[in-house]
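Trainee: Before we discuss this protein, could you put the structure in front of us, so that we can work through it by question and answer?

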Amino acid sequence: MPILLSLFALVANDQAAVAESRSDELIDQAAAAGAPTWQALLCAIRAEISLRRGNFAVAGKFAAGAFELLPAESWGVLAGFPLATAITAATLAEDREKAGHYLRVPVPDALFQTPVGLLYLLACGRFQYEAGNHREALDCFDTIGRLTAAWEMDLPSLLPWRTASARVYLRLDQVERARLLATEEIRRCPPSDRRTLASALRALAATQDIDERAQSLAQAVAMIEFGDDHAELAATLTELGWAQHTLGEDKVAQRTLRKADRLMKQSGSGRAIGIMSDTEPPEPNSSAPGSLGELSHAERRVAMLAANGHSNRDIANKLFVTVSTVEQHLTRAYRKLNVRRRSELVRELRPSLPRSG
(Lines give C-alpha, C1' and ligand atoms only; values in the text may rest on other atoms or scores of the structure.)
Protein backbone atom coordinates (compact mmCIF):
# COMPACT_ATOMS: atom_id res chain seq x y z
CA MET A 1 0.00 0.00 0.00
CA PRO A 2 2.81 2.55 0.68
CA ILE A 3 4.06 1.91 -2.87
CA LEU A 4 0.61 2.59 -4.33
CA LEU A 5 0.19 5.77 -2.27
CA SER A 6 3.63 6.96 -3.35
CA LEU A 7 2.62 6.63 -7.01
CA PHE A 8 -0.48 8.76 -6.44
CA ALA A 9 1.62 11.29 -4.52
CA LEU A 10 3.92 11.64 -7.54
CA VAL A 11 0.93 12.25 -9.81
CA ALA A 12 -0.55 14.81 -7.43
CA ASN A 13 2.75 16.71 -7.42
CA ASP A 14 3.03 17.00 -11.23
CA GLN A 15 5.50 14.13 -11.49
CA ALA A 16 3.29 11.81 -13.53
CA ALA A 17 6.14 10.93 -15.89
CA VAL A 18 8.17 9.62 -12.92
CA ALA A 19 5.12 7.72 -11.62
CA GLU A 20 4.59 6.23 -15.08
CA SER A 21 8.17 4.95 -15.28
CA ARG A 22 8.04 3.54 -11.75
CA SER A 23 4.71 1.83 -12.45
CA ASP A 24 6.14 0.09 -15.50
CA GLU A 25 8.99 -1.28 -13.37
CA LEU A 26 6.56 -2.53 -10.71
CA ILE A 27 4.28 -4.16 -13.30
CA ASP A 28 7.26 -6.07 -14.71
CA GLN A 29 8.28 -7.15 -11.19
CA ALA A 30 4.75 -8.35 -10.40
CA ALA A 31 4.65 -10.32 -13.65
CA ALA A 32 8.04 -11.91 -12.95
CA ALA A 33 6.89 -12.85 -9.43
CA GLY A 34 3.72 -14.49 -10.76
CA ALA A 35 1.43 -12.09 -8.87
CA PRO A 36 -1.45 -11.38 -11.28
CA THR A 37 -3.60 -9.61 -8.68
CA TRP A 38 -0.85 -7.10 -7.92
CA GLN A 39 -0.11 -6.84 -11.63
CA ALA A 40 -3.76 -6.04 -12.36
CA LEU A 41 -3.90 -3.39 -9.61
CA LEU A 42 -0.71 -1.78 -10.90
CA CYS A 43 -2.11 -1.80 -14.44
CA ALA A 44 -5.18 0.02 -13.14
CA ILE A 45 -2.96 2.65 -11.52
CA ARG A 46 -0.85 2.91 -14.67
CA ALA A 47 -4.05 3.50 -16.65
CA GLU A 48 -5.07 6.34 -14.33
CA ILE A 49 -1.62 7.92 -14.60
CA SER A 50 -1.84 7.84 -18.40
CA LEU A 51 -5.32 9.36 -18.24
CA ARG A 52 -4.04 12.20 -16.08
CA ARG A 53 -1.27 12.78 -18.63
CA GLY A 54 -3.91 13.02 -21.35
CA ASN A 55 -2.83 9.79 -23.10
CA PHE A 56 -6.28 8.30 -23.66
CA ALA A 57 -5.27 5.37 -25.89
CA VAL A 58 -2.57 4.20 -23.44
CA ALA A 59 -4.95 4.60 -20.51
CA GLY A 60 -7.52 2.45 -22.27
CA LYS A 61 -4.93 -0.23 -23.04
CA PHE A 62 -3.79 -0.58 -19.42
CA ALA A 63 -7.36 -0.52 -18.08
CA ALA A 64 -8.27 -3.35 -20.46
CA GLY A 65 -5.13 -5.20 -19.36
CA ALA A 66 -6.18 -4.91 -15.72
CA PHE A 67 -9.43 -6.76 -16.50
CA GLU A 68 -7.64 -9.36 -18.60
CA LEU A 69 -5.49 -10.19 -15.59
CA LEU A 70 -8.38 -10.08 -13.13
CA PRO A 71 -12.04 -10.32 -14.28
CA ALA A 72 -14.34 -7.51 -13.16
CA GLU A 73 -16.35 -9.79 -10.85
CA SER A 74 -13.17 -10.61 -8.91
CA TRP A 75 -12.43 -6.97 -8.08
CA GLY A 76 -15.42 -6.37 -5.82
CA VAL A 77 -15.99 -2.68 -5.13
CA LEU A 78 -12.49 -1.90 -6.40
CA ALA A 79 -13.73 -2.61 -9.93
CA GLY A 80 -15.05 0.93 -9.96
CA PHE A 81 -11.49 2.27 -10.13
CA PRO A 82 -10.30 0.75 -13.44
CA LEU A 83 -13.84 1.02 -14.84
CA ALA A 84 -13.87 4.76 -14.13
CA THR A 85 -10.54 5.17 -15.91
CA ALA A 86 -11.63 3.04 -18.86
CA ILE A 87 -14.95 4.90 -19.26
CA THR A 88 -13.31 8.32 -19.06
CA ALA A 89 -10.50 7.41 -21.46
CA ALA A 90 -12.97 6.06 -24.05
CA THR A 91 -15.27 9.05 -23.58
CA LEU A 92 -12.52 11.60 -24.11
CA ALA A 93 -11.20 9.63 -27.10
CA GLU A 94 -14.75 9.88 -28.53
CA ASP A 95 -15.16 6.08 -28.58
CA ARG A 96 -18.71 5.87 -27.23
CA GLU A 97 -19.04 2.20 -28.15
CA LYS A 98 -16.12 1.25 -25.92
CA ALA A 99 -17.31 3.56 -23.14
CA GLY A 100 -20.74 1.94 -23.36
CA HIS A 101 -19.14 -1.50 -23.09
CA TYR A 102 -17.52 -0.59 -19.76
CA LEU A 103 -20.67 1.11 -18.52
CA ARG A 104 -22.54 -2.18 -19.01
CA VAL A 105 -20.14 -4.09 -16.75
CA PRO A 106 -22.13 -4.97 -13.57
CA VAL A 107 -20.91 -3.33 -10.37
CA PRO A 108 -21.95 -4.19 -6.78
CA ASP A 109 -24.36 -1.87 -4.97
CA ALA A 110 -21.77 -1.50 -2.22
CA LEU A 111 -19.56 0.40 -4.68
CA PHE A 112 -21.60 3.57 -4.13
CA GLN A 113 -20.92 3.47 -0.42
CA THR A 114 -17.19 3.94 -1.04
CA PRO A 115 -14.93 6.71 -2.42
CA VAL A 116 -14.22 4.47 -5.41
CA GLY A 117 -17.90 4.74 -6.28
CA LEU A 118 -17.52 8.51 -6.51
CA LEU A 119 -14.75 8.13 -9.09
CA TYR A 120 -17.07 5.84 -11.03
CA LEU A 121 -19.91 8.40 -10.82
CA LEU A 122 -17.57 11.13 -12.09
CA ALA A 123 -16.73 8.99 -15.12
CA CYS A 124 -20.41 8.24 -15.74
CA GLY A 125 -21.25 11.93 -15.50
CA ARG A 126 -18.56 12.84 -18.02
CA PHE A 127 -19.93 10.24 -20.42
CA GLN A 128 -23.46 11.62 -20.06
CA TYR A 129 -22.16 15.17 -20.58
CA GLU A 130 -20.45 14.23 -23.83
CA ALA A 131 -23.57 12.33 -24.94
CA GLY A 132 -25.67 15.46 -24.39
CA ASN A 133 -27.64 13.96 -21.48
CA HIS A 134 -27.44 17.01 -19.25
CA ARG A 135 -29.84 16.00 -16.49
CA GLU A 136 -28.19 12.59 -16.09
CA ALA A 137 -24.76 14.20 -15.93
CA LEU A 138 -25.87 16.67 -13.27
CA ASP A 139 -27.44 13.86 -11.24
CA CYS A 140 -24.03 12.13 -11.12
CA PHE A 141 -22.14 15.29 -10.16
CA ASP A 142 -24.75 16.38 -7.59
CA THR A 143 -24.55 12.96 -5.95
CA ILE A 144 -20.78 13.31 -5.68
CA GLY A 145 -21.18 16.74 -4.11
CA ARG A 146 -23.70 15.50 -1.59
CA LEU A 147 -21.66 12.44 -0.57
CA THR A 148 -18.30 14.21 -0.39
CA ALA A 149 -19.86 16.77 1.94
CA ALA A 150 -21.39 14.04 4.11
CA TRP A 151 -18.11 12.08 4.20
CA GLU A 152 -16.01 15.24 4.72
CA MET A 153 -13.85 14.48 1.68
CA ASP A 154 -14.77 17.32 -0.68
CA LEU A 155 -11.38 17.41 -2.42
CA PRO A 156 -11.26 19.03 -5.88
CA SER A 157 -7.91 17.38 -6.63
CA LEU A 158 -9.56 13.97 -6.33
CA LEU A 159 -13.12 14.72 -7.45
CA PRO A 160 -13.48 17.99 -9.41
CA TRP A 161 -17.26 17.68 -9.58
CA ARG A 162 -17.88 21.45 -9.49
CA THR A 163 -15.86 22.04 -12.65
CA ALA A 164 -17.67 19.16 -14.32
CA SER A 165 -21.04 20.60 -13.27
CA ALA A 166 -20.02 24.07 -14.44
CA ARG A 167 -19.42 22.73 -17.94
CA VAL A 168 -22.89 21.22 -18.01
CA TYR A 169 -24.46 24.52 -16.93
CA LEU A 170 -22.44 26.33 -19.60
CA ARG A 171 -23.95 24.04 -22.21
CA LEU A 172 -27.38 24.81 -20.75
CA ASP A 173 -26.50 28.51 -21.00
CA GLN A 174 -26.84 28.98 -17.23
CA VAL A 175 -23.71 31.09 -17.11
CA GLU A 176 -24.07 32.56 -13.62
CA ARG A 177 -24.49 29.14 -12.03
CA ALA A 178 -21.44 27.88 -13.91
CA ARG A 179 -19.45 30.90 -12.75
CA LEU A 180 -20.30 30.28 -9.08
CA LEU A 181 -19.30 26.61 -9.28
CA ALA A 182 -16.00 27.30 -11.05
CA THR A 183 -15.16 30.11 -8.61
CA GLU A 184 -15.82 27.84 -5.62
CA GLU A 185 -13.68 25.08 -7.17
CA ILE A 186 -10.79 27.52 -7.52
CA ARG A 187 -11.24 28.70 -3.92
CA ARG A 188 -11.13 25.16 -2.56
CA CYS A 189 -8.30 23.85 -4.71
CA PRO A 190 -4.77 23.87 -3.19
CA PRO A 191 -2.34 26.16 -5.06
CA SER A 192 -0.02 23.21 -5.64
CA ASP A 193 -2.60 21.42 -7.82
CA ARG A 194 -2.08 23.42 -10.98
CA ARG A 195 -3.85 20.90 -13.21
CA THR A 196 -7.17 21.08 -11.33
CA LEU A 197 -6.85 24.84 -10.93
CA ALA A 198 -6.25 25.34 -14.65
CA SER A 199 -9.26 23.20 -15.54
CA ALA A 200 -11.51 25.19 -13.20
CA LEU A 201 -10.08 28.45 -14.50
CA ARG A 202 -10.86 27.33 -18.06
CA ALA A 203 -14.48 26.75 -17.04
CA LEU A 204 -14.60 30.15 -15.34
CA ALA A 205 -13.16 31.82 -18.46
CA ALA A 206 -16.18 30.69 -20.46
CA THR A 207 -18.37 32.88 -18.24
CA GLN A 208 -16.29 36.04 -18.73
CA ASP A 209 -16.25 38.75 -21.38
CA ILE A 210 -13.73 38.25 -24.16
CA ASP A 211 -10.88 40.39 -22.75
CA GLU A 212 -11.06 38.84 -19.29
CA ARG A 213 -11.54 35.39 -20.84
CA ALA A 214 -8.32 35.67 -22.83
CA GLN A 215 -6.44 36.72 -19.68
CA SER A 216 -7.84 33.81 -17.64
CA LEU A 217 -7.02 31.30 -20.36
CA ALA A 218 -3.49 32.64 -20.70
CA GLN A 219 -3.11 32.25 -16.93
CA ALA A 220 -4.40 28.66 -17.13
CA VAL A 221 -1.94 27.86 -19.94
CA ALA A 222 0.92 29.21 -17.83
CA MET A 223 -0.11 26.90 -14.98
CA ILE A 224 0.09 23.69 -17.01
CA GLU A 225 2.29 24.50 -19.99
CA PHE A 226 5.19 22.52 -18.57
CA GLY A 227 3.08 19.85 -16.88
CA ASP A 228 2.14 16.35 -17.96
CA ASP A 229 -1.48 16.72 -19.09
CA HIS A 230 -1.28 17.37 -22.83
CA ALA A 231 -5.03 17.00 -23.35
CA GLU A 232 -5.98 19.67 -20.81
CA LEU A 233 -3.29 21.95 -22.23
CA ALA A 234 -4.64 21.38 -25.74
CA ALA A 235 -8.17 22.22 -24.60
CA THR A 236 -6.99 25.41 -22.91
CA LEU A 237 -4.85 26.47 -25.86
CA THR A 238 -7.74 25.91 -28.24
CA GLU A 239 -10.06 28.13 -26.25
CA LEU A 240 -7.30 30.72 -25.89
CA GLY A 241 -6.72 30.61 -29.64
CA TRP A 242 -10.35 31.31 -30.39
CA ALA A 243 -10.41 34.12 -27.83
CA GLN A 244 -7.38 35.65 -29.56
CA HIS A 245 -9.10 35.24 -32.92
CA THR A 246 -12.23 36.99 -31.62
CA LEU A 247 -10.02 39.84 -30.42
CA GLY A 248 -8.60 40.18 -33.93
CA GLU A 249 -5.18 38.71 -33.05
CA ASP A 250 -5.29 36.30 -36.01
CA LYS A 251 -1.60 35.52 -36.38
CA VAL A 252 -1.16 34.83 -32.67
CA ALA A 253 -4.35 32.74 -32.73
CA GLN A 254 -3.06 30.60 -35.59
CA ARG A 255 0.14 29.77 -33.69
CA THR A 256 -1.82 28.94 -30.54
CA LEU A 257 -4.28 26.71 -32.37
CA ARG A 258 -1.61 24.86 -34.32
CA LYS A 259 0.13 24.01 -31.07
CA ALA A 260 -3.20 22.80 -29.63
CA ASP A 261 -3.78 20.65 -32.70
CA ARG A 262 -0.40 18.93 -32.30
CA LEU A 263 -1.12 18.19 -28.65
CA MET A 264 -4.59 16.82 -29.42
CA LYS A 265 -3.10 14.37 -31.91
CA GLN A 266 -0.56 13.25 -29.30
CA SER A 267 -3.33 12.58 -26.78
CA GLY A 268 -5.38 10.50 -29.20
CA SER A 269 -8.36 12.86 -29.08
CA GLY A 270 -10.10 14.19 -32.17
CA ARG A 271 -10.84 17.42 -30.36
CA ALA A 272 -9.94 19.17 -27.19
CA ILE A 273 -12.05 18.46 -24.14
CA GLY A 274 -15.48 20.06 -24.10
CA ILE A 275 -14.92 22.55 -26.92
CA MET A 276 -15.64 22.98 -30.58
CA SER A 277 -13.19 21.10 -32.78
CA ASP A 278 -11.99 24.09 -34.78
CA THR A 279 -8.24 24.24 -35.11
CA GLU A 280 -7.55 26.74 -37.86
CA PRO A 281 -8.97 30.25 -38.14
CA PRO A 282 -8.89 31.78 -41.61
CA GLU A 283 -5.89 33.71 -42.80
CA PRO A 284 -6.42 37.46 -42.39
CA ASN A 285 -8.08 39.09 -45.43
CA SER A 286 -8.55 35.69 -47.04
CA SER A 287 -11.44 36.82 -49.26
CA ALA A 288 -13.57 39.76 -50.25
CA PRO A 289 -16.23 41.12 -47.84
CA GLY A 290 -19.63 39.53 -48.09
CA SER A 291 -18.39 36.13 -49.29
CA LEU A 292 -18.68 32.72 -47.62
CA GLY A 293 -14.92 32.38 -47.67
CA GLU A 294 -14.57 35.34 -45.30
CA LEU A 295 -16.22 33.35 -42.49
CA SER A 296 -14.03 31.57 -39.97
CA HIS A 297 -14.38 27.79 -39.82
CA ALA A 298 -16.51 28.08 -36.68
CA GLU A 299 -18.77 30.75 -38.19
CA ARG A 300 -19.19 28.71 -41.36
CA ARG A 301 -20.18 25.56 -39.44
CA VAL A 302 -22.70 27.44 -37.32
CA ALA A 303 -24.12 29.28 -40.34
CA MET A 304 -24.50 26.05 -42.33
CA LEU A 305 -26.33 24.33 -39.50
CA ALA A 306 -28.59 27.35 -38.97
CA ALA A 307 -29.38 27.50 -42.69
CA ASN A 308 -30.27 23.79 -42.56
CA GLY A 309 -32.98 24.53 -40.00
CA HIS A 310 -31.24 23.71 -36.73
CA SER A 311 -32.09 25.84 -33.70
CA ASN A 312 -29.37 27.59 -31.72
CA ARG A 313 -29.81 25.01 -28.96
CA ASP A 314 -29.39 22.12 -31.44
CA ILE A 315 -26.26 23.71 -32.86
CA ALA A 316 -24.80 24.22 -29.38
CA ASN A 317 -25.35 20.54 -28.55
CA LYS A 318 -23.86 19.36 -31.83
CA LEU A 319 -20.73 21.49 -31.49
CA PHE A 320 -20.28 21.18 -27.69
CA VAL A 321 -20.51 24.93 -27.07
CA THR A 322 -22.93 27.23 -25.27
CA VAL A 323 -25.94 28.85 -26.90
CA SER A 324 -24.33 32.25 -26.37
CA THR A 325 -21.28 31.12 -28.36
CA VAL A 326 -23.56 30.04 -31.22
CA GLU A 327 -25.27 33.43 -31.13
CA GLN A 328 -21.90 35.20 -31.28
CA HIS A 329 -20.80 33.16 -34.31
CA LEU A 330 -24.13 33.81 -36.05
CA THR A 331 -23.95 37.53 -35.35
CA ARG A 332 -20.50 37.75 -36.95
CA ALA A 333 -21.62 35.57 -39.87
CA TYR A 334 -24.67 37.79 -40.50
CA ARG A 335 -22.46 40.87 -40.49
CA LYS A 336 -19.88 39.40 -42.85
CA LEU A 337 -22.54 38.07 -45.25
CA ASN A 338 -24.61 41.25 -45.08
CA VAL A 339 -27.79 39.42 -43.99
CA ARG A 340 -30.19 40.13 -41.14
CA ARG A 341 -32.24 36.95 -40.65
CA ARG A 342 -32.20 33.19 -41.18
CA SER A 343 -34.28 33.31 -44.39
CA GLU A 344 -31.65 35.57 -45.97
CA LEU A 345 -28.92 33.27 -44.67
CA VAL A 346 -30.55 30.30 -46.43
CA ARG A 347 -30.59 32.19 -49.75
CA GLU A 348 -26.97 33.24 -49.30
CA LEU A 349 -25.75 29.73 -48.50
CA ARG A 350 -28.08 27.70 -50.74
CA PRO A 351 -25.36 26.79 -53.29
CA SER A 352 -23.17 25.45 -50.47
CA LEU A 353 -25.84 23.52 -48.53
CA PRO A 354 -25.78 19.70 -48.70
CA ARG A 355 -28.59 18.26 -50.78
CA SER A 356 -31.21 16.23 -48.91
CA GLY A 357 -32.18 12.73 -49.97
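The exchange below goes from the whole chain to single helices, rings and cores.

Trainee: What does the secondary structure of the protein chain come to, in helices and strands?
Mentor: Bear in mind that this is a predicted model, so what follows is computed from its atoms. The protein chain has 357 residues, of which 52% count as buried, and its accessible surface comes to about 16,500 Å², with 53% belonging to carbon and sulfur atoms. Its secondary structure comes to 18 helices and 0 strands.

Trainee: Among contacts in the protein chain with a separation of 6 or more, what share comes from residues 24 or more positions apart?
Mentor: The count takes in contacts in the protein chain with a separation of 6 or more. Within that set, residues 24 or more positions apart account for 60%.

Trainee: Which residues of helix α6 are buried, and on which side or sides of α6 do they lie?
Mentor: Helix α6 spans residues 96-103, and its buried residues are Ala99, Gly100 and Tyr102. The cover over these buried residues includes α4 (56-69), α5 (80-92) and α7 (115-130). Because Ala99, Gly100 and Tyr102 cover an arc of only 160° around the axis, they lie on the same side of α6.

Trainee: How many residues apart in sequence are the parts that the pair of Phe67 and Tyr102 ties together?
Mentor: A search of the whole structure finds 3 aromatic pairs, and Phe67 and Tyr102 form one that is tilted, at 6.3 Å centre to centre and 35° between the planes. Phe67 is buried, with a relative accessible area of 15%, and Tyr102 also counts as buried, at 9% relative accessibility. Since Phe67 lies in helix α4 and Tyr102 in helix α6, the pair ties together parts that are 35 residues apart in sequence.

Trainee: Which residue forms one aromatic cluster with Phe67 and Tyr102?
Mentor: Phe67 and Tyr102 form an aromatic pair. The one aromatic cluster that holds Phe67 and Tyr102 also includes Trp75.

Trainee: In the edge-to-face pair of Phe112 and Tyr120, is Phe112 buried or partly exposed?
Mentor: The rings of Phe112 and Tyr120 lie 5.9 Å apart centre to centre, with 65° between the planes, which makes the pair edge-to-face. Tyr120 is buried, with a relative accessible area of 6%. Phe112, at 31% relative accessibility, is above the 20% limit for buried residues and below the 50% limit for exposed ones, and therefore counts as partly exposed.

Trainee: How far from the ring centre of Tyr129 does Arg171 lie?
Mentor: Arg171 is placed over the face of Tyr129. Its distance from the ring centre is 4.0 Å.

Trainee: Which helix gives the most residues to the largest nonpolar core?
Mentor: The largest nonpolar core has 77 residues, and the members that touch the most others are Leu42, Trp75, Leu83, Phe141 and Ile144. With 9 residues, the helix that gives the most to this core is α7.

Trainee: Leaving aside neighbours within four places in sequence, which residues are in contact with Leu42?
Mentor: Leu42 is among the residues that touch the most other members of the largest nonpolar core. Once its neighbours within four places are left aside, the residues in contact with Leu42 are Leu4, Leu7, Leu26, Ile27 and Ala30.

Trainee: What distance separates the C-alpha atoms of Asp314 and Val326?
Mentor: Asp314 lies in helix α16, residues 312-319, and counts as partly exposed at 36% relative accessibility. Asp314 and Val326 are 12 residues apart along the chain, and their C-alpha atoms are separated by 9.8 Å.

How values were computed
Residues are numbered from 1 along each chain as its sequence is written. This is a predicted model: local features need pLDDT of at least 70, side-chain atom pairs count only at pLDDT 80 or more; totals for chains, interfaces and linings use all residues. Side-chain values use heavy atoms; hydrogens and water are left out. Buried means under 20% relative accessible area, exposed over 50%, partly exposed in between (1.4 Å probe, protein chains only). Helices (H or I, at least four residues) and strands (E, at least two) are DSSP runs, numbered from the N terminus. The arc is that of the directions from the helix axis to the C-beta atoms. Contact means heavy atoms within 4.5 Å. Accessible areas come from the Shrake-Rupley method with a 1.4 Å probe; for residues, only the protein chains shown count as cover. Rings of Phe, Tyr and Trp (its six-membered ring) pair if their centres lie within 6.5 Å; planes under 30 degrees apart count as stacked, over 60 as edge-to-face and the rest as tilted. A charge sits over a ring if NZ of Lys or CZ of Arg is within 6 Å of the ring centre and within 35 degrees of the ring normal. A nonpolar core is a set of buried Ala, Val, Leu, Ile, Met, Phe, Trp, Tyr and Cys residues joined through side-chain atoms within 4.5 Å.
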